[in-house]
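The following note collects points for discussion among colleagues. It takes up the open and enclosed spaces, two individual residues and the pairing of strands.

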Amino acid sequence: MSFLQDAPRLHHPYRDDRVLRGLLDRVVPADRRAELDRDLDALADYALMAWQRVGQSTRRKPVLTAWDAWGRRVDRIELTDAWREGPGITTRHAVLAAGHAAHPDARLEAFARVYLYHLASEFYTCPLAMTDGAATALKASGNAALIERALPHFLSRDPATFWLSGQWMTETAGGSDVGRTETLARCDDNGQWRLYGRKWFSSAVVGEAALALARPEGAGAGTAALALFYVETMEGAQRRPELVIDRLKDKLGTHELPTAEIHLDGLPAWPVGELAHGVRQVAPMLNVTRTWNAICAIASMARAIALARDYAARREAFGRRLIDHPLHAQTLAGMQAEFEGAFALGFEVAHLLGRVEHGAANAHEPALLRLLTPLAKLWTAKLAVKLCSEALECFGGAGYIEDTGLPQLLRDAQVYPIWEGTTNVLSLDALRAIGDGLGALRHAIAGWTREAGDAAAAQAIHAALDTASAFLDRQGDRRDALEAGARGLALTLARCAAAALLVRQAGWAAARGDRRPAAASRRFLEHGLVRLHWSDRDDTAALLDG
């Protein structure tokens, strides 16, 4: 009988993840570790089951039924098994609620849960991120009535009372330019605000609530005149008639996630704050949702590399295992080093977020969080696409075959650079944070590398930071030049931060006899830190001249 290759096997996503366990061993206090371990172990068990289920069934998209058999508008969406299981898994293991616990490590511990749950959830984590962001924005608003109304549902530990929240910002005219929002808010004769308009991209349409931007009737044009509203989508067990689902999006990836185009025809709404500056009221949720994006991107990288490494250890070609071929081993090791850098940066942002929220941060850390959040989101997103693509190549032709489940890793990864701001949008956001942020980053990197005592690595990282500073100095006040170089600057700063965090983890691990993080640190530095481009403006214009 001819040879048949075994499919890649997924090892236990928690017990066999030395990178996650090493971080938690270093950071999480012993008195909370037992409860956290129980949740993480259970979520990893669920991830194993979900991976096996994928191999035994054909994946399917959610199905929208707009009308029932008797002509009534129902807009019912049939979901996948993982999505139907989502409320129970989320509440049982505090995937969302843990991030709002009353201690500075809350965000770190919650995002460890997200990291393990994400792929098994089939992007149920997308509306979870929106819900987390909504809870954070409502807390920041100080709107006592809405906080009392919504937060017990958003942070519930009981699936019977748990609610999801959407985030309805994007319109056909707007995209990232939300100042072009056309949704109208009108106050009726009873003093009830109602929303009218079309939201073009609603990723949590199955939720029970949402935050939406709208322009109050009579308000002026532009971003500052927008207001932020809270809405509820259900009337008992039925969807409210003022919310009409036009269709579900046919997307490149995230097929199980029901993303909709919707019409609002007088949907009741409540202002979150003043009837203006709605974008400013949304801002507190951005640190949260962008961190979710980063951690989910890292989870995709971890899965892709884990499967590629397992396959390489068992697949034989040209007389030996793939992992014994020097070039293949070099490729996998490079992927692992890049992943560990991304992991270090993403989880540092998660930890910073919790410390800042609980007033436990050092003086420089709020500015550091403001800079690192867009950096982590944009870099991990781009890296996830690159590493998932590389992982598929590690499987040869099998990586291109749909029913192996492998192509989905790449299709789904492409959402990370698009969701919550594209790479260029976030690069410009990082540029806005550079004033206080660059000094805070230098201060943080000095501390991280000092902990490890690796003088050579520290010198290389600071040299890269000096190159970034020289770039900024050379551009001066030339805004066009600064913006043209913003992406390269952002990637450079992200890699500098990641390298320093790898050095810190390597120093801690080496003292305990584990040399693998030091290997990751050295390999990451070998890949280089500087990604700046000193491009000529005339050349750019020439290359764009059709």
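**Notes on the predicted model**

1. The model under review is predicted. By class, the residues lining its largest pocket comprise 20 nonpolar, 16 polar and 10 charged.

2. The largest pocket encloses about 1300 Å³ of space. Its lining is made up of 46 residues, of which T170, I418, W419, E420 and G421 are the closest to the centre. Two or more lining residues are supplied by each of α5 (125–141), β5 (193–202), α7 (278–314), α9 (365–394), α10 (407–413) and α11 (423–432). Which element gives the most to this lining? That element is α7, with six residues.

3. One cavity of 30 Å³ or more is present in the structure. The volume of the largest cavity is about 30 Å³. Its lining consists of V95, L96, G99, R107, A110, F111, V114, D132 and W292. Helix α4 (residues 106–117) provides the largest share, four residues. Sorted by class, the cavity lining has six nonpolar residues, one polar residue and two charged residues.

4. Is S300 buried or exposed? S300 belongs to helix α7, the element that gives six residues to the lining of the largest pocket. S300 counts as buried because its relative accessibility is 1%, and the cut-off for that class is under 20%. Apart from neighbours within four places in sequence, S300 is in contact with H118, L119, C388 and Y416. As a long-range reference, the C-alpha atoms of S300 and R180 are separated by 34 Å, with the two residues 120 apart along the chain.

5. D75 is located in strand β2 (residues 73–78). With a relative accessibility of 2%, D75 is classed as buried. What does the side chain of D75 make a polar contact with? The partner is the side chain of R73, at 2.8 Å. When residues up to four places away in sequence are not counted, D75 touches L64, T65, A66, R239, L243, V244 and I245.

6. The strand that holds D75, β2, runs antiparallel to β1 (residues 63–67), and four bridges join the two. Within this pairing, T65 stands opposite R76 of β2. The hairpin of β1 and β2 has five residues between the strands, and G71 in this hairpin adopts a positive phi near 90°. As a general point for inspecting such strands, side chains in a regular strand alternate between the two faces of the sheet.

7. A second hairpin is formed by β4 and β5, again with five residues between them. G191, in its turn, has a positive phi of about 85°. Strand β4 (residues 184–187) pairs with β5 in the antiparallel sense over four bridges, and C187 has W193 of β5 as its bridge partner.

8. Strand β5 also pairs with β11 (residues 260–271), in the antiparallel sense and over eight bridges. Here S202 has A260 in β11 as its bridge partner. Strand β5 thus links two topics of this note: β5 pairs with β4 and with β11, and β5 is among the elements giving two or more residues to the lining of the largest pocket.

Terms used:
Residues numbered from 1 in each chain as written. Predicted model: local features only at pLDDT ≥ 70, side-chain atom pairs only at ≥ 80, totals over all residues. Heavy atoms only, no water. 1 Å grid on protein atoms, 1.4 Å probe; cavity = no way out; pocket = protein on both sides within 12 Å on 5 of 7 lines; lining within 4 Å. Points joined across faces, edges and corners; volume = space filled by probe spheres on them. Nonpolar A, V, L, I, M, F, W, Y, C, P; charged D, E, K, R; others polar. Buried < 20%, exposed > 50% of the residue type's maximum accessible area, 1.4 Å probe, protein only. Polar contact = N/O pair within 3.5 Å; in protein donor to acceptor, adjacent residues only side chain to side chain. Contact = heavy atoms within 4.5 Å. Pairing = 2+ DSSP bridges.
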